[in-house]
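Biologist: Please take a close look at one part of this model, the helix that gives the core its main share, and tell me what surrounds it.

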Amino acid sequence: MDAVRLRLLVDPEAQPPLVKLEIKEDGAATVLTVRDNGVGMSETALVDKLLSFGKSGWLSDEAIGEYSDKLPEKMSVSGRFGIGFFSIFMIAKSVVVKSRRFDASPDQTVLLTFNDGLYSRPLLSHAEHSDRMTAGGTEILVVLDTETIESIRLDRAPYNLSFHAFVSRFEEIVSDWFPTSEIPLQIVTPSKNTNVDGSKWQTEPAVELLKRVEGGSYKEMLGEHPEQCLTLVIEDDNTVVGRATFRTRKGDSGWRSSEDAKGIVASQGAKISTGHFRGIMLGTPTRAARDTARLRASSNALRKWSTEQAQLLQGLSLTGSEQADVAQSVAGCGGDIGELKFCELGGQFHNRTTLRELLHERDEIWVAQEAAVILADTRLANWSRSDNCISVETGSALISSDTQNYHTWLSAVSLADITKEIIAEVFSLDQEVIDRMELVEDGYHVYRAPCPAWVRSDGGERVFVDGSYFKRGMTLADVEAFFRPEEIRKTRLGRESFRRESTDF
């Protein structure tokens, strides 16, 4: 794909770009062939660049000779690390690379043949007349090692398929891994020919985009929210760096799993990783494995997009827990959660307006981490959430757990911080009181207040978890009552969550 992009830059008369992938049975062997009509490689490039482990030819001036001044910048190419070609030998021993520079003659077509993987020297030769390429480009023919592939089971694809199932789903897998490719991909299998073109991912109907991105899981996602919530992530200079919407968690546990990841982080047309959103975010690989990425979206672009998402999604028929999940993601991007419900009190979810109304009627309130409250769940019918304890997520949700977006983390806001700001406003608390409650010394939280998270139906017993206590007109002296001495907080007991049942507090 990089070779085709470069061909378009240096050759005004280039044919329409194309990468062709063909998989077929050849006797007892299964052969995968990848062809492109890109710039092609000379004999020197094949020997000095392709076979230099860890040295990417795309980052070297000699790779394209006199055309080096048109070489794309480092971050704009897919091939960067110089090790991708050698990964072929994990699944094959017999490999043939045939290439011709686009500005060379057909008799300069070069063959590089590997008959026994990396266990013997490759053979370099000029192609016989029948094998000469009539146009520039490269063809890689790979005889797949079926037994090795079966042993790997393609676990990291993440298609845990038999080899024959892999062949039958070849089209779906290629489409999944190249969702934004502006280079057309022609896929040829024993059963049919298909073209994959991701160049219109910014404007194509949302349904078509999601079908391609989510594949077989698309139907499972239909109940989440309408596709019209899919919106562009746009920088201040109008550069589009994503098209996505937030998604919500399944089930009542509140915990995410790897199976939740549906959206795709893509670079130069190819998937890098997945994320907890629907649609596509553009990114840049951060290591050779191409399984982690840095999002291209700036903190400002994510803030604007997430704020827009909050406005769109709060108008839908989402449950309270779904709204809280979206609110956490919006706040994690630094956006404004608007009137999304984001915290729970007495089994009811509240937004900013209803929370303020409740607090105006109270003189004291507790705040606990949602995860701690869930873990303390007694699972008994005669227990219920306390109407004295607000439970809220204390962290910021990342839209992708496999991304490294430090600038986004710096702008993230937690729902717990929003809750405490509202409490401080209604209860007229000084900032120094809030700061004192957040004090950390030697890596340990100094402050710890027991919060009545669960209560029996008769009101006689309660279950407490760690959290914060607030009262109207609270002073520093009130905060000091919940400080733990150093000799306590550094012990095992002091580090564990505080939980007890009692009729006294």
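Modeller: A helix here is a DSSP run of H or I with at least four residues, and helices are numbered from the N terminus. In this predicted model, helix H13 spans residues 415-426 and supplies seven residues to the largest nonpolar core, the largest share of that core. The core as a whole has 67 residues, and those with the most contacts inside it are Met 281, Phe 342, Ile 423 and Phe 470. Leaving aside residues up to four places away in sequence, Ile 423 touches Leu 359, Ile 365, Val 367 and Ile 390, and it also touches Ser 428, Leu 429 and Phe 470.

Lys 420 also has its place in helix H13, and this lysine counts as buried because its relative accessible area is 13%, where the limit for buried is under 20%. With residues up to four places away in sequence again not counted, Lys 420 touches Glu 438, Ser 468 and Phe 470. Phe 470 is therefore a contact of Ile 423 as well as of Lys 420, under a contact cut-off of heavy atoms within 4.5 Å.

Turning to the cysteines, Cys 229 is buried, with a relative accessible area of 2%, and Cys 333 is likewise buried, with a relative accessible area of 2%. The count of disulfides comes to zero, the rule being a pair of cysteine sulfur atoms within 2.5 Å.

Methods
Residues numbered from 1 in each chain as written. Predicted model: local features only at pLDDT ≥ 70, side-chain atom pairs only at ≥ 80, totals over all residues. Heavy atoms only, no water. Core = buried A, V, L, I, M, F, W, Y, C linked by side-chain atoms within 4.5 Å. Buried < 20%, exposed > 50% of the residue type's maximum accessible area, 1.4 Å probe, protein only. Helix = DSSP H or I, 4+ residues; strand = E, 2+ residues; numbered from the N terminus.
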